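This report is written for a reader meeting the structure for the first time. Please keep the sequence and the model in view while reading.

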Amino acid sequence: MYNQYFDIKDHCREGLLKHLERAASKISIVDNPKILDVGCGSGTPTLFILEKFGGQITAIDSDPRSINVLRERVRKLNLLKQVNLSTQSLFDFKGDDSKFDLIIAEGILNVVGFQKGFLKLVQLVAEKGFIVIHDDFKDHTRKLEIIKDNDCKILDSFVLYEQKWWNDYNKCLAEQTSNNSDEEFLQLFESDLLEIDAFRTNPSAFCYIYYIVRRNDHCESGS
């Protein structure tokens, strides 16, 4: 049952990859980069970013079921030497002495709190490293201030208006679950179905934004 659940989620998640591709296209990264994917889920963006940039990627998520699914995908793709997986939260994650050249943070800062989460990401990213954030558009002006006040600059940003979120993700989930009457199976989608209902009630609340951020080096931050 869990496999079917994650298969559906991954299939629908692929509809959003074109937006991650757009964000990633703004990045000029070092060869063989060290990458962190925070809140990786079952890894559709993780594997996409690894294919695009190569290098080594660490993927973390607090849900052990998601990590187990991603671990099996990585094994089948023979990527065990390039992908490091860990079941832990952003704030429990210590990393090692070296920083990350690129951090992907999709849909995690709105869960943990933007300012608190962003400060943790800044601790983990290398100087001149990049952070790609996918977050709610709410409090956009304040988020710009937090980014700029913490040794970083915004290279680009773009908004996903509500209809894009529906067309590229929630519509797929609605179609995949609408003809299933298995209550135990549908329980796995409880939060998704609540989100779909909320969208239908108030679509304007579902506006999102990507921030493409680069951390300054010491010369820039001191200038």
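The sections below treat the sheet, its inner strands, the nonpolar cores, the helix contacts and two backbone details.

## The sheet

The model is a predicted one. Its open sheet is built from seven strands, arranged in the order E3-E2-E1-E4-E5-E7-E6, with mixed pairing. The edges are formed by strand E3 (83-87) and strand E6 (152-160), each of which pairs on one side only. On average, and with direction ignored, neighbouring strands of this sheet are turned by 15° against each other.

Both senses of pairing can be followed along the sheet. E1 (residues 34-38) and strand E2 (residues 56-61) run parallel and are joined by five bridges; across this pair, Ile35 stands opposite Ile57 of E2. Strand E4 (residues 100-106) and E5 are likewise paired in the parallel sense, over six bridges, and the partner of Ile104 is Val132 in E5. By contrast, E5 and E7 are antiparallel, with seven bridges between them, and Phe130 stands opposite Arg214 in E7. Eight bridges connect E6 with strand E7 (residues 208-215), and these two strands also run antiparallel. Here Cys152 stands opposite Arg215 of E7.

## Two enclosed strands

Strand E1 is largely enclosed by the rest of the structure, because five of its five residues are buried. In a regular strand, side chains alternate between the two faces of the sheet. Both faces of E1 are covered: Lys34, Leu36 and Val38 lie on one side, Ile35 and Asp37 lie on the other, and all are buried.

Strand E5 (residues 125-136) is also largely enclosed by the rest of the structure, since nine of its 12 residues are buried. Lys128 belongs to this strand, yet Lys128 is partly exposed, with a relative accessible area of 46%.

## Nonpolar cores

In soluble globular proteins, nonpolar side chains tend to be buried together. The largest nonpolar core in this model contains 47 residues, and those with the most contacts inside it are Ile27, Ile49, Phe53, Leu102 and Val132. Helix H8 contributes the most to this core, giving six residues. A second core, separate from the largest one, has 24 residues, including Ala105, Ile108, Leu109 and Ile131.

What does Leu102 touch, apart from residues up to four places away in sequence? Its contacts are Ile27, Ile29, Lys34, Ile35, Leu36, Ile49, Phe53, Phe130 and Val132. Among these, Lys34, Ile35 and Leu36 are buried residues of E1.

## Helix contacts

Two packed helices are described by the angle between their axes and the distance between the axes. Helix H1 (residues 2-13) packs against helix H8 (residues 162-178) at an angle of about 145°, and their axes are 8 Å apart. Their crossing is right-handed. H1 supplies Ile8, Lys9, His11, Cys12 and Arg13 to the contact, while H8 supplies Asp168, Tyr169, Cys172, Leu173 and Gln176. By class, these residues comprise five nonpolar, two polar and three charged.

Cys172, which lies in H8, is counted as buried because its relative accessibility is 14%, where the limit for buried is under 20%. Beyond its neighbours within four places in sequence, Cys172 is in contact with His11 and Cys12. Cys172 and Cys12 are 160 residues apart in sequence, but their C-alpha atoms are 5.5 Å apart in space.

A further pair is formed by helix H3 (residues 44-53) and helix H4 (residues 64-76), which pack at an angle of about 35° with their axes 10 Å apart. H3 passes H4 in a right-handed crossing. The contact involves Thr44, Thr46 and Leu47 of H3 together with Leu70, Arg73 and Val74 of H4. Three of the contact residues are nonpolar, two are polar and one is charged.

## Backbone details

Most residues other than glycine have a negative phi. Lys128 is not a glycine, although it has a positive phi of about 65°. Asp139, also not a glycine, has a positive phi of about 60°. Where is Asp139 found? Asp139 is in the loop between E5 and helix H7 (140-148), whereas Lys128 is within strand E5 itself.

Technical notes. Residues numbered from 1 in each chain as written. Predicted model: local features only at pLDDT ≥ 70, side-chain atom pairs only at ≥ 80, totals over all residues. Heavy atoms only, no water. Axes fitted to C-alpha atoms, helices over the stretch in contact; angles between N-to-C directions. Helix = DSSP H or I, 4+ residues; strand = E, 2+ residues; numbered from the N terminus. Left-handed = near helix turned anticlockwise from the far one by under 90°. Contact = heavy atoms within 4.5 Å. Nonpolar A, V, L, I, M, F, W, Y, C, P; charged D, E, K, R; others polar. Core = buried A, V, L, I, M, F, W, Y, C linked by side-chain atoms within 4.5 Å. Buried < 20%, exposed > 50% of the residue type's maximum accessible area, 1.4 Å probe, protein only. Pairing = 2+ DSSP bridges.
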